[in-house]
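Here are my notes on this one, jotted down as I went through it. Have the viewer open while you read.

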Amino acid sequence: MKIRQHPRMRDIIVGDEVYSYPENLFARVADVFPAAVCVKIGILSVDDHLEITLSPQLWRAEDIENLSVCRYCGSRENIRTEAGTGIPFRVCESCSPVDEESHTAVAGA
Ligand SMILES: [Zn+2]
């Protein structure tokens, strides 16, 4: 059986931060597969006492966004967090939109 790799999986490596749209969760990649990643989710249990257990989950490539690379070109260099989206997308310098905020940042540097 031939497993086709999802295009998004080319840019994902173990340790990357990913965001799941259906789960509304952030997690760090523990393992990569051709069309999915395995992440460990911290689940807080309050049955007897407070306890956090790490639960492995499989997230499909089409449901996730890799936050460790530029969201437009996939670069890992000169990336910064894009403000104002609620999700900490990373954007590299060359894809970064020129707006008033970045003008201020340049002027202050
Ligand atoms: Zn970029």
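**Notes on the fold**

1. Let's start in the middle of the sheet: Cys38 sits across from Leu58, a residue of strand E4. Keep in mind that we're looking at a predicted model here, not an experimental one.

2. Cys38 itself belongs to E3, and there Asp31 is the residue standing opposite Cys38. So much for single pairs; the strands come next. E2 covers residues 25-32 and E3 covers residues 36-45, and the two run antiparallel, joined by 3 bridges. The link from E2 to E3 is a hairpin of 3 residues.

3. On to the next pairing. E3 and E4, the latter spanning residues 51-60, are also antiparallel, with 10 bridges between them. If you want one of the pairs to click on, try Ser45, whose bridge partner in E4 is Glu51. The chain gets from E3 to E4 by way of a hairpin, this one through 5 residues.

4. How many of the residues in E4 are buried? The count is 1 among its 10 residues, so E4 is hardly covered, taking "buried" as 20 or more other C-beta atoms within 10 Å. For the protein as a whole, buried residues make up 15% of the 109 residues.

5. Stepping back to the overall layout, the protein has 7 strands and 1 helix. Reading from the N terminus, the order is β-β-β-β-β-β-β-α, with the helix coming after the strands.

6. What about contacts along the chain? Take those between residues at least 6 apart in sequence: 33% of them join residues at least 24 apart. That figure is for the protein, not for any one strand pair.

7. One loop residue to look at is Glu77, found between strand E5 (64-66) and strand E6 (79-81). Is Glu77 buried or exposed? Glu77 is exposed, because just 9 other C-beta atoms lie within 10 Å, and the cut-off for exposed is 12 or fewer.

8. While you have Glu77 selected, add Val91 to the view. The two are 14 residues apart in sequence, and their C-alpha atoms are 9.4 Å apart in space.

Notes: Residues are numbered from 1 along each chain as its sequence is written. This is a predicted model: local features need pLDDT of at least 70, side-chain atom pairs count only at pLDDT 80 or more; totals for chains, interfaces and linings use all residues. Two strands pair if DSSP finds at least two bridges between them. Helices (H or I, at least four residues) and strands (E, at least two) are DSSP runs, numbered from the N terminus. Two residues are in contact if their C-beta atoms, placed from the backbone, lie within 7 Å.
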